[in-house]
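Q: I would like to learn how to read the packing of helices and the backbone of loops in a model. Could you take me through it step by step?

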Amino acid sequence: MHKFKSSHHLGFFIIFGFILFLTGNRVDELRVYQGASIAVYVVAISSIILLTGYSGQVSLGHGALLAIGAYSAAVARNNFHAPVVLTFVIAVLAAALGGALLGAAAARLSGPYLAGTTLALAIGLPSLANQFPIFGGEQGVFFDVGFPPPSLGEGFTQYKWFFWIAGLAALISIWLVANILRSRYGRNWRAGRSNETAAALAGISVSRSKILAFTISAGVAGLAGALLSMTIGTVSPSAFPLALSFSLLTGAVLSGVSTLSGVMIGAVTLVAIPEIADAVATRIGVSERFTTNLPGLMVSTLLILTVLFVPNGPVEQHRTRQARKAAKEKN
Amino acid sequence: MFQLLNTILIGITAGAIYSLMAISIVLVWRSTRVINFAQAGMALLSTYFGYEAMVHFNSFWIALPVAMVGGAGIAALIELVFMRLLVKRSSTGPMAAVAPIIATLGLLGLIKGIISSIWGGADVRLVGPVTNVGYSIGDKTLAFSPLKLLTLCTVVALMLLLTVLFQKSNIGLSLRASAYSPEIARLSGVKVDFVRTLGWSLAGAAGAVAGMFQTVNGNGAFSPESIEFALLLISGFIAAVIGGLESLVGAVVGGLVLGLVISFVLMYISSSLFFIAPFVILLIILFVRPQGILGVKAARRA
């Protein structure tokens, strides 16, 4: 097993997390809830970045993997009374298993074929919930992580508890993903993405490395799914529409699919868009019809503009520009 | 026995509509090597055009050409404004392979948003030119009506027309040439850019017909949030992959296979497998015969 060489990164993450938790005490409930949503999106987007940006596989069906995580967490909690921490572990494992199966199929598929297959999965899988009574059909099932422990004090609200859990999960998963990406596996993925034949000649088993990428990405996505249903309180097919898969992909593209460091940009944008749309709509006073569709329109427009003008994401764009400038100064 | 006959008939009619969607996916794939995930959105938008024409003129036979022209126009516009820019801007870098897929998805979202903003997400309701009441044998009613017969005939006619266009005409020759090798075609004097736009418009028109017939054949409801739309979105792609992505005949065969399998699953296994069945079929096809039923082996990696 590759040894992680990032103790100073760990320190950085701990300080960053501490600052986040402190701010959690300062702002109002809505902001705390949005903070929890941002943390959920950070987890979900980092799983897409790992898969699409590093191993070069497109998944339009990450919503389905989130659903697997969410449902298994809820079933573990409701039917087997598992403790909260264990439900998240189960979510990760179940989704990773699903991801391994999907990855085995995906390793044989290229570009558009994989995209279409995962798209079909995203549409198909949530409807399976109606097939088995344990998943509660259209209404879904409850997923309740319980009240915050009393030791945290009187004023500690439910939303703050969500924020703490999601924030901690986001920090852990970012730290893990960042380290995996810089390890041998991350290099193998990038090699396979750039040139499959060359990677295979260099001794990398491309299909095995692709399956591994899918499995890890799915595990992270499963965690995101469990966190998402924690903030909603229920798990139902309607919580995982196609639109969710699309907005996660948008978040990843906005973050710059091939750089993990931009992940906050995408997550914050996804949470901010409904609010911005609302503000814009009130300002210009358009019809209600338009207002309800404005967030969707903004997401799609942003997606298209990003793909057209900063296809590798703002962080990468900035980095390239810096590198070019440095090269010019040298000459 | 009677149930079996009905299942087959339902499957074939649904399959005919999937075939049309598959044809439009194949046309775009052949002309620009892009899987257009926004195709169903374009079909839906054209159907709304047809719906507006229906409201004004109250005739299906005016609404259908309006939808087709509208669909062709939108497709041409998207190709001219959007796809050319995309090809120019993001053909290098780590995103090169992924960018077109994500871009067409963005288009899909944009089209859906525009439709919902204008028509408020209301269902389109269209009345077909002929009745949708099934033929009857004795005292039993078949799941096959004059309208379904018309749907089948239209699909067959369209496919024949496109096949003749591709195989016998000069335009068809240049369409095939630029699909085969854009560079060589350009050197031989084919206006590749124009041909690409043409391929997209043909696809847009075919998608419009699919949308119109889907609407009159279904329970009349067709909207961005409807099940029919989600099904059209994936079935076109799946049918095209079953057929091998390259051939029009393959697209039709793929559509019919898909329609029949879904119909049998619904009738004999469970109706809640409605959406997972297409996915399973797709996986089986990709594992057993990745080049599609009528595809050639090398085509898949293109």
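Q: At what angle do helix 10 and helix 11 of chain B pack, and how far apart are their axes?

A: Two packed helices are described by the angle between their axes and the distance between those axes. In this predicted model, helix 10 (residues 248-268) of chain B and helix 11 (residues 276-288) of chain B pack at about 130 degrees with their axes 10 Å apart, where axes are lines fitted to C-alpha atoms, for helices over the stretch in contact, and angles run from 0 to 180 degrees between N-to-C directions. The two helices are therefore oblique to each other, since angles under 35 degrees count as roughly parallel, over 145 as roughly antiparallel, 65 to 115 as roughly perpendicular and the rest as oblique.

Q: Which residues make that contact?

A: Helix 10 of chain B contributes B:Leu258, B:Val261, B:Ile262 and B:Val265, and helix 11 of chain B contributes B:Ala277, B:Pro278 and B:Ile281, contact meaning heavy atoms within 4.5 Å. These residues divide into 7 nonpolar, no polar and no charged (Ala, Val, Leu, Ile, Met, Phe, Trp, Tyr, Cys and Pro count as nonpolar, Asp, Glu, Lys and Arg as charged, and the others, Gly among them, as polar).

Q: How do the axes of helix 6 and helix 9 of chain A cross?

A: The axes of helix 6 (residues 158-182) and helix 9 (residues 206-232) of chain A come within 10 Å and cross at roughly 170 degrees, and these helices are therefore roughly antiparallel. The residues of their contact divide into 11 nonpolar, 2 polar and no charged.

Q: Which residues have a positive phi although they are not glycine?

A: Most residues other than glycine have a negative phi. B:Arg33, however, has a positive phi of about 60 degrees, and B:Leu245 has one of about 65 degrees. B:Arg33 is placed in the loop between helix 1 and helix 2 (39-57) of chain B and, at 31% relative accessibility, counts as partly exposed, whereas B:Leu245, in the loop between helix 9 and helix 10 of chain B, is buried with a relative accessible area of 1% (buried means under 20% relative accessible area, exposed over 50%, partly exposed in between, with a 1.4 Å probe and protein chains only).

Q: What conventions lie behind these values?

A: Residues are numbered from 1 along each chain as its sequence is written, and chains are lettered from A and ligands numbered from 1 in the order in which they are written. Local features need pLDDT of at least 70, side-chain atom pairs count only at pLDDT 80 or more, and totals for chains, interfaces and linings use all residues, while side-chain values use heavy atoms, with hydrogens and water left out. Helices (H or I, at least four residues) and strands (E, at least two) are DSSP runs, numbered from the N terminus.
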